[in-house]
Amino acid sequence: MAKDSLSITDNRTGRTYEVPIDDETVKALDFRQMKEAEDDFGLKTYDPAFMNTAACRSAITYIDGDRGILRYRGYPIEELAERSTFLEVAYLLGEGELPTRQQLDQWTDTIKYHTYVHTNITRFLEGFRYDAHPMGMMLGVVGALSTFYPDAKHIHDPANRYLQRVRLLAKAPTIAAFAFRHSRGLPLVFPDNDLDYIGNFVNMTFSIGGRHKPNKVLQRALEILLILHADHEQNCSTTAVRTVGSSHVDPFSAISAGIAALYGPLHGGANEAVLLMLDEIGDKKNIPQFVKEVKAGGGKLMGFGHRVYKSYDPRAKLIKQVADGVFEQTGLNPKLEIALELERIALEDEYFIKRKLYPNVDFYSGLIYQAMGYPTEYFTVLFALGRMPGWLAQWEEMLLDKEQKIARPRQIYTGPDKRPFVPIEQR
Ligand code: CMC
């Protein structure tokens, strides 16, 4: 009997099976052979919300949730946040290695070449109501791009995939900035390719009557935040991109599915929900009562808890450092005081300790975005900008993975047994 294997006895039949263990994992399909009768379907595994199921092999991001470790392609997130740029990280995630100087220059030029969107996109945007949520606009426009680039359906051509990945990375800040300007009734500002990736985005969002004069500290802080969000292995939105992409649809459609998933308050929408929660608390003195209500089941402490991290989210640690630099420039956000006190109280509370609930990436990021001048409903769009390189790298990896097929889970049917149709007069 192989040492790296699992012996399973099916007590219905008394038969024993040997199932190989590879990478501390057993294959769900190895259970299919376990049947009571020959014409049975065989055993399935049941795992709602993928609590303990690996759906792919991936060489992109490594997370150790118990020890609070996050690495992109082997590089610690702390080092990338300190020393890298967003475009460099995007290259690393997509290509697997850090670029040489020459590769980076070429990559930067290629991205700049594709920052413009078709003029019809501006008219498409005009169709949104004045109060449309910017994340809804973002997901609509990114999805619509698939109609502007019908060539994107040639997903088996590597050069074509590369072009679409470049297009998505290059156009995402332009679309995000357009959504921002639309919400405010401001004229659109088009890309200025003399600026770098982040500078160009900041200019397209904030420029009024001439080029925006950037605050370098805030601009670098935004860049760090985007780096921290760039990938996070098989989270809800990445799984959405992989699942939708597995149907071999074009990448604009697959990425818009990721944006839709990120929109939700349990995922990227949490940074917006944190600010609403801090507003609701209103004052430090109300925190104990608020925490009491959360513990009694009256909602969640937004920005706390994580499916994978069971210790301090390493991104939240870095974001707290970024916050210090930002608030030195902008003055203290009064909500920061409430957030710090809320964190202190929660981390000492038995309820949160027992469940290993720590601040996640969203707990402090919203406060920083607000200090930078972005409205609450825009925070998730910033998350989407940051996550774009990760989605694209994961999409490419999924397509090249010979073990992957169209994603199609099984179910356990719980509905009625076969029954005859009842005419409407008899119901
Ligand atoms: N506040 C209070 N209780 C919580 C929280 C929270 N934020 N998160 C989890 N719990 C409790 C939960 O009620 C459960 O308690 P019990 O065992 O008594 O039923 C226990 O902790 C385990 O929680 P879970 O819901 O089984 O954990 P999960 O892995 O399914 O959920 C989560 C992870 C992130 C969805 C959840 O922690 C949550 O809803 N947090 C608030 C929303 C949030 O901040 N989301 C951002 C996540 S990080 C960025 C991103 O992914 O986009």
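**Briefing: a helix residue, the ligand shell and selected local features**

Leu-169 is found in helix α6, which spans residues 158–184, where helices (H or I, at least four residues) and strands (E, at least two) are DSSP runs, numbered from the N terminus. The model is a predicted one, in which local features need pLDDT of at least 70 and side-chain atom pairs count only at pLDDT 80 or more, while totals for chains, interfaces and linings use all residues. Residues are numbered from 1 along each chain as its sequence is written, and side-chain values use heavy atoms, with hydrogens and water left out.

**Ligand surroundings**

- Around the ligand there are 20 residues, of which His-267, Leu-301, Gly-303, Phe-304 and Arg-307 come nearest; a residue is counted as near a molecule or strand if one of its heavy atoms lies within 4 Å of it.
- Sorted by class, this shell has 10 nonpolar, six polar and four charged residues, with Ala, Val, Leu, Ile, Met, Phe, Trp, Tyr, Cys and Pro taken as nonpolar, Asp, Glu, Lys and Arg as charged, and the others, Gly among them, as polar.
- A polar contact is a pair of N or O atoms within 3.5 Å, with the added conditions that within protein one must be able to donate a hydrogen and the other to accept it, and that residues adjacent in sequence count only if both atoms are side-chain atoms.
- In the side chain of His-267, an N or O atom is 2.6 Å from an oxygen atom of the ligand, and a polar backbone atom of Gly-303 is 2.8 Å from an oxygen atom of the ligand.
- Asn-360 contributes a polar side-chain atom that lies 2.9 Å from an oxygen atom of the ligand.
- On its own the ligand has 940 Å² of accessible area, and the protein covers 72% of that area; accessible areas come from the Shrake-Rupley method with a 1.4 Å probe, and for residues only the protein chains shown count as cover.

**Cysteines**

- With a disulfide taken as a pair of cysteine sulfur atoms within 2.5 Å, the count comes to zero disulfides.
- Cys-56 is in no disulfide, and the nearest cysteine sulfur, that of Cys-236, is 14 Å away.
- Seen from the other residue, the sulfur of Cys-236 has its closest cysteine sulfur in Cys-56, and the 14 Å between them is too far for a bond.
- Cys-236 has a relative accessible area of 48% and is partly exposed, given that buried means under 20% relative accessible area, exposed over 50%, and partly exposed in between (1.4 Å probe, protein chains only).

**Helix α11 and the loop that follows**

- Helix α11, residues 270–281, has 12 residues and reaches 16 Å from its first C-alpha to its last, which is close to the 16 Å expected at 1.5 Å a residue; the expected span is 1.5 Å times one less than the number of residues in the helix.
- Because nine of its 12 residues are buried, α11 is largely enclosed by the rest of the structure, and the buried residues include Ala-270, Glu-272, Leu-275, Met-277 and Ile-281.
- Ile-281 also takes part in a link to the loop, in that its backbone oxygen lies 2.7 Å from a polar atom of the side chain of Asn-286.
- Asn-286 is found in the loop between α11 and α12 (287–295), and at 32% relative accessibility this residue counts as partly exposed.
- From Asn-286 to Met-302 the separation is 16 residues in sequence and 16 Å in space, C-alpha to C-alpha.

**The loop between β2 and β3**

- Asp-23 lies in the loop between β2 (15–20) and β3 (61–64), and Phe-50 is found in the loop between β2 and β3.
- Phi of Asp-23 is near 50 degrees, a positive value in a residue other than glycine, and phi of Phe-50 is likewise positive and near 50 degrees.
- At 60% relative accessibility Asp-23 counts as exposed, whereas Phe-50, at 49%, counts as partly exposed.

**Separation in sequence and in space**

- Leu-169 counts as buried at 3% relative accessibility, and its C-alpha is separated by 17 Å from that of Ile-224, with the two positions 55 residues apart along the chain.
- Ser-237, found in helix α9 (residues 236–245), is buried with a relative accessible area of 0%, and lies 9.7 Å from Ala-384, C-alpha to C-alpha, although the two are 147 residues apart in sequence.
- Gln-289 has its place in helix α12 and is partly exposed with a relative accessible area of 43%; its C-alpha is separated by 56 Å from that of His-156, which is 133 residues away along the chain.
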